[in-house]
Amino acid sequence: MPDVTAELMFEVLKPIQARLAQVDGKIDETKQEILALRTSQNAARQDVTSVFQEIAAVHATLVRHEGRLDRIERRLELNEAPVR
């Protein structure tokens, strides 16, 4: 059995070190992709929130107009008579 020397260990560890450097690079890429996805998700969430707020504002306006229309109809006595 050959003697295990520091030189032999160094030769074995060199490829391992290179692979670890590749793994570190891939992890960094993955972190960047996750960060980009998170940023995109936050933008989409803000868009949905904005749309929801706009719909709520339109709904509030419709409710207000409906109330005004009801008052106008009562004032002008335009209420429909019940059908017999």
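The points below comment on a predicted model of a single chain.

1. Overall fold. The chain contains one helix and zero strands. Helix α1 covers residues 6–75, and the residues discussed individually below are described with reference to that helix where their placement is given.

2. Dimensions. The C-alpha trace spans about 110 × 25 × 10 Å along its principal axes. The radius of gyration is 35 Å, whereas a compact globule of 84 residues would be expected to have a value near 12 Å. The reader should therefore not picture a compact globule here, given that buried means under 20% relative accessible area and that buried residues make up 0% of the 84 residues.

3. Surface. The accessible surface of the chain amounts to about 8,400 Å². Carbon and sulfur atoms account for 60% of that surface.

4. Nonpolar patch. V4, L8, M9, V12, L13, I16 and L20 together form a nonpolar patch on the surface. The accessible area of these residues comes to about 640 Å² together. One of them, L13, is located in helix α1. L13 has a relative accessibility of 45% and therefore counts as partly exposed, since that class lies between the cut-offs of 20% and 50%.

5. Salt bridge. The count for the model is one salt bridge. Side chains of opposite charge can pair when their charged atoms come close. The partners here are K14 and E11, whose closest N and O atoms are 3.5 Å apart; this pair qualifies because the limit for a salt bridge is 4 Å. As K14 and E11 are three residues apart in helix α1, about one helical turn separates them. Both ends of the bridge are partly exposed: K14 has a relative accessible area of 36%, and E11 has a relative accessibility of 45%.

6. Negative patch. D24, D28, E29 and E33 form a negative patch on the surface. Of these, E29 is placed in helix α1. E29 is partly exposed, its relative accessible area being 44%; E29 can therefore belong to a patch, for which the cut-off is over 30% relative accessible area.

7. Charge distribution. The chain carries 12 positive and 14 negative charges. The mean positions of the two sets are 11 Å apart.

8. Points to check against the structure. Which residues form the negative surface patch? They are D24, D28, E29 and E33. Which residue forms a salt bridge with K14? That partner is E11.

Technical notes
Residues numbered from 1 in each chain as written. Predicted model: local features only at pLDDT ≥ 70, side-chain atom pairs only at ≥ 80, totals over all residues. Heavy atoms only, no water. Patch = residues over 30% accessible without salt bridge, like charges linked within 9 Å, V, L, I, M, F, W, Y side chains within 5 Å. Areas by Shrake-Rupley, 256 points an atom, 1.4 Å probe, with all protein chains shown as cover. Salt bridge = Lys/Arg side-chain N within 4 Å of Asp/Glu carboxyl O. Lys, Arg positive; Asp, Glu negative; His and termini not counted. Charge placed at Lys NZ, Arg CZ, Asp CG, Glu CD. Helix = DSSP H or I, 4+ residues; strand = E, 2+ residues; numbered from the N terminus. Buried < 20%, exposed > 50% of the residue type's maximum accessible area, 1.4 Å probe, protein only. Rg over C-alpha atoms; globule rule 2.2 N^0.38 Å.
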